[in-house]
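This report describes the pockets, the ligand sites and the cavity of the structure shown below.

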Amino acid sequence: MPKALITGVTGQDGSYLAEALLKRNYEVVGMVRRSSTVNYERIAHIQDSIEFVNGDLLDQISLIDAIKLHEPDEIYNLAAQSFVQTSFGQPVLTGETTALSVTRMLDAIRIVNPKIRFYQASSSEMFGKVAEVPQNEATPFYPRSPYGVAKVYGHWITVNYRESYNLHASSGILFNHESPRRGLEFVTRKISYGAASIKLGLEEKLSLGNLDAKRDWGFAGDYVEAMWMMLQQENPDDFVICSGMTHSVREFCDLAFSHLGLNYKDHVVVDEQFFRPAEVDLLVGDYSKAQKVLDWNPTTTFKDLVTMMVEADVALLQRRLKGLT
Ligand code: NAP
Ligand code: G4F
């Protein structure tokens, strides 16, 4: 039975990846950091099938010990300070967590067992002020946030350790991927939850920032499949994973609200506090390499994604109103 260690198992992607690996009969070890309350909401349904290990990306020894104790065949490094807006307010923490910790993990692998296969969660935020449309594996990086800068470091140190120490280390350059398990601060979930709250009469308005930003949005459940596929290749490599389509925040609002019989123009207000010091205006990827080499394709359309998220939030709020959660 293969064994995988997932950092960030309590996050959106960690929860979908754990599910996908358990279905493939993996032993799944989830690394969790200490917090004052247990935070297993996204993995509650599979919690009993996961073995947990304490560790923090900021603490090198905890990474080495986790690998020594559990002897994984594969490590998926999904943990990060992942919210772009926060990276402007906490740039040093973001650099420590999202950038330098990748080196901590790679060194832990190099020291304990260099045969372990490694996946790094790179990001389309690295393309930032895009040099070309669409973006592929050869597109130059021009990050526009401390988060984007940190991900560029994590990406290149993964390439460097692959080339220097012959590690099986791959990076997935994933474009935005969403789900009903997305954090409430990210714009898609903020909209689906906001629209559901308005529909149920709990709120009247939803405050957002730049409605003209465009993103290539896909479904997280599809994207974790690509992570696994990368580590099954004979040779490590880097792959863009995306839908190949782009839509504005405004379009997301339009679809989400109209699915509930509402007009977003009656409820969405633009608030300067949600604008960023530097914005990524447009992202749209080209996943032809992943299609050709991994045989990976997205399966969820933009409309299906928006509908899935809105309906999940309506159901969630209805359960709460009935006192069931
Ligand atoms: P997420 O929901 O924000 O999850 C982040 C995870 O990292 C959480 O489990 C969090 O643990 C953990 N974490 C944060 N700091 C840590 C630390 N110091 N030590 C150990 N664990 C720590 O993120 P996601 O959306 O699943 O994204 C997964 C990865 O993909 C991230 O690296 C993200 O930057 C990257 N990425 C995401 C997207 C996307 O669209 N979702 C696109 C490209 C790349 P707690 O639960 O304890 O906070
Ligand atoms: O949902 P977002 O916060 O995601 P962002 O910044 O694109 O980052 C996400 O995707 C990256 C991949 O490209 C990941 F690496 C990263 O970890 C994260 O998962 O914002 C999307 C867009 C931005 O242009 C933002 O300015 O939506 C715009 N926006 C407009 N109003 C808003 C809001 N974003 C947020 N979070 N909140 C708003 O009220």
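The second largest pocket is lined by 19 residues, and those nearest its centre are Glu41, Arg42, Pro180, Arg181 and Arg189. A pocket is found on a 1 Å grid over the protein atoms alone, as an open set of points with protein on both sides within 12 Å along at least five of seven lines, and lining residues have an atom within 4 Å of a point. The space in this second largest pocket is about 530 Å³, a volume being the space filled by probe spheres set on grid points that are joined across faces, edges and corners.

The model is predicted: local features need pLDDT of at least 70, side-chain atom pairs count only at pLDDT 80 or more, and totals for chains, interfaces and linings use all residues. Residues are numbered from 1 along each chain as its sequence is written, chains are lettered from A and ligands numbered from 1 in the order in which they are written, and side-chain values use heavy atoms, with hydrogens and water left out.

Helix H10 (residues 302-321) supplies the largest share of the lining of the second largest pocket, namely five residues; helices (H or I, at least four residues) and strands (E, at least two) are DSSP runs numbered from the N terminus. By class, this lining holds six nonpolar, five polar and eight charged residues. Here Ala, Val, Leu, Ile, Met, Phe, Trp, Tyr, Cys and Pro count as nonpolar, Asp, Glu, Lys and Arg as charged, and the others, Gly among them, as polar. The second largest pocket lies between domain 1 (3-177 + 217-241) and domain 2 (183-215 + 245-283 + 301-324), because both give residues to its lining. The domain bounds come from an automatic or database domain assignment.

**Ligand sites**

Around ligand 1 there are 26 residues, of which Thr10, Arg33, Asn39, Ser82 and Tyr147 are the closest. Around ligand 2 there are 23, and Ser123, Ser124, Tyr147, Arg276 and Glu279 come nearest. A residue belongs to such a shell if one of its heavy atoms lies within 4 Å of the molecule.

The table gives polar contacts, which are pairs of N or O atoms within 3.5 Å.

| Ligand atom | Protein partner | Distance |
|---|---|---|
| Ligand 2, oxygen | Ser82, polar backbone atom | 2.7 Å |
| Ligand 2, oxygen | Ser124, polar side-chain atom | 2.6 Å |
| Ligand 2, oxygen | Tyr147, polar side-chain atom | 2.7 Å |
| Ligand 1, oxygen | Leu78, polar backbone atom | 2.9 Å |
| Ligand 1, oxygen | Ser82, side-chain N or O atom | 2.6 Å |
| Ligand 1, oxygen | Lys151, side-chain N or O atom | 2.9 Å |

Taken alone, ligand 1 exposes 900 Å², and the protein buries 88% of that. Accessible areas come from the Shrake-Rupley method with a 1.4 Å probe. Two or more residues of the shell around ligand 1 come from each of helix H1 (12-23), strand E5 (117-123) and helix H5 (146-165), and E5 gives the most, with three residues. This shell divides into ten nonpolar, eleven polar and five charged residues.

Ligand 2 has 710 Å² of accessible area on its own, of which the protein covers 96%. Its shell contains ten nonpolar, six polar and seven charged residues. Domain 1 and domain 2 each contribute at least three residues to the shell around ligand 2.

**Cavity**

A search of the whole structure finds one cavity of 30 Å³ or more, a cavity being a set of points where a 1.4 Å probe fits but cannot get out. The largest cavity has a volume of about 30 Å³. Its lining consists of Val84, Glu125, Arg144, Ser145, Arg215, Arg276, Ala278, Glu279 and Val280. Because domain 1 and domain 2 both give residues to this lining, the largest cavity lies between them.

Key:
Polar contact = N/O pair within 3.5 Å; in protein donor to acceptor, adjacent residues only side chain to side chain.
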